[in-house]
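Please read the following report alongside the sequence and coordinates, with attention first to the chain as a whole and then to its backbone geometry.

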Amino acid sequence: MGLILACRFLHAPAELKSLSALGRPSFVHGRKKSPHVDKHRPAHHCLRMVTNTATAPAIARRDFLKLLGLGGLAGGGLVLVGLPGCGYYEAETGEAFAPWRFPTGDARPEREAARAALLAASPHNTQPWGLVVSETRIDVVARRDRSLGTLDPQLRELHIGLGCAIENVAIAARALGREPSVTLMPDATNELLVARIDLAPQAPSESSLFDAIPRRHTNRGAYADGVTIPGLEAALGSVNVEPGVTVRVLASADERARFRDETVAATRAIIDDEEMSVDNDRWYRHTKDDIERFRDGVTLDASGLGAATNFFGKIGARPSRQTSDSYWLDATKNRQATASAFVLLMTSDEGSRADQLRLGRTYQRMHLWATSVNLAMQPLNQLPERRDREETSGSPSRFGDALTDLAGEAGRRVQMAFRIGYPWDDASASPRRPLEWVLA
Amino acid sequence: MWTLGERAWIDGHASVGVGVAIDGGRWQLPLREDAMVAYELTSWFTLRGGVGLGAVVDATRAARSYGEVGLVVSLALADFVEIVHRPFVSFPLGSEDRAVFGGTRSLRTSVAVVPLDIALRFRLRWLTFGP
């Protein structure tokens, strides 16, 4: 409408020729002019009015449109960059992503092995580890202040994440010329000291798992759904599963459908539980400033949404918790329900802290192996999270029973679940806290 | 000016666009050229028909780019508003192969028939450039 009104205030070209010579739209070639077309054409009425106006030329039509375009671009640029809480930024840039430049070439193998811990998997990228590093030993300490709260009331996922860090240290140490000797929960009086890793000199050994450490990222995008990975179960079993850990692969269509349906239901239950929803939302990092300040949590780029969706998400304000919850539910139902298989990692029913640490080591090893062969993985822990919530709050065991049924094995407790498959797109790196921030 | 008798002529339409594919959040750059015969049904209505060629470049991942070849049929009112039906066959323009566990993964668009592609086009003469 603005453009239509604008034409009434613009002047005609300085030399007024016949109407037919004023120019036809460039996208119409070879228009045949007939008398009745001229009579009914609205554009000719506009021109006729302007030619009756004997005034000095104002702004030319073309220049006006250019100004309009430039103004629009400038306004759009302000939206992109300037408004508080909004603003586009490039993915994987800044100091928050510097730890992924690994290995650094540090001549001290104990420091380099400690840096490998920074790149381990952890629930919601909480990075719940502290490290005490000396030339011959690395101690891994639990940072319980970085737990997921009501999403992880029994600190199950926190300890699985610590196990992931322990495994990265062990793999890196061997590749860097140190033989690791890992003792889990070495001090019965100090439950925060979860591992002591003694380092002895040895010849460095090449390792595809070590090479995969800086490339391993949780892939939250879509996978090719239902495509069989030949030999998957055997391959996962051969990745040196820790003692006490059992693996159950849900690959049939029926099993995948059941796991998918229960996971979606568990996601809904988490969203409807206000405390769990708040604790979940606390770890979302929307702006570049938040990413650089905290260097943890889940970002837009790591959410598996795609470049264009990320663009619009970044230039907008941080979504409300309720909006984020609805996006998460939608992602779970659609994108994150796609997989070749879902996998359950289990321990005995008692599930000690050491068992959880060993399970974390197993998961990290599996994820590094998957990375080395261009498969994607993503933890899907909504079911165990709701089960833990039911147990600690005394609620009916709706999701606990569902998990037990899926496990199909008496006396075993599902500690975590994940999906695995061929990804449509590569995953983005997540922000990581540097070594200086985690040294205790 | 290529006319075909009293009421018909050769017509063309070229377009360059920027779009977003919601599925996968991908940027797309569609480039299209249509060659048509236009026929003036009445002073108000013009019918066009012809062939269309195009390429949709996926700016996020080149392997997902595809080409189009199809038919174009449109009806324009006062040469201002036009409804266009453009069914086409798409074919891949790129591919990407990657070794994965269990074999090789090949990523490309598949050959597909899109029987329904309808657009509403507004011709704004005030936005034209030229002599």
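## Surface and burial

In this predicted model, the accessible surface of chain A comes to about 19,400 Å², and carbon and sulfur atoms contribute 55% of that area. Of the 440 residues in chain A, 52% are buried.

## Fold and contacts

Chain A contains 17 helices and 10 strands. When contacts in chain A with a separation of 6 or more are considered, 78% of them join residues that lie 24 or more positions apart.

## Backbone geometry in the loop between helix 4 and helix 5

Most peptide bonds are trans, and most residues other than glycine have a negative phi. Against that background, the peptide bond leading from Phe102(A) to Pro103(A) is cis, with omega near 0°, and Pro103(A) is placed in the loop that runs between helix 4 (61-81) and helix 5 (109-117) of chain A.

Glu92(A), which also belongs to the loop between helix 4 and helix 5 of chain A, has a positive phi, near 60°, although this residue is not a glycine. The relative accessible area of Glu92(A) is 39%, so the residue counts as partly exposed, given that this class lies between the limits of 20% and 50%.

## Backbone geometry in the loop between strand 3 and strand 4

Another positive phi, of about 45°, occurs at Met185(A), again in a residue that is not a glycine. Met185(A) is found in the loop between strand 3 (178-184) and strand 4 (193-201) of chain A, and with a relative accessible area of 22% this residue is partly exposed, since buried would require a value under 20%.

Note on methods: Residues numbered from 1 in each chain as written. Chains lettered and ligands numbered in written order. Predicted model: local features only at pLDDT ≥ 70, side-chain atom pairs only at ≥ 80, totals over all residues. Heavy atoms only, no water. Helix = DSSP H or I, 4+ residues; strand = E, 2+ residues; numbered from the N terminus. Buried < 20%, exposed > 50% of the residue type's maximum accessible area, 1.4 Å probe, protein only. Contact = heavy atoms within 4.5 Å. Areas by Shrake-Rupley, 256 points an atom, 1.4 Å probe, with all protein chains shown as cover.
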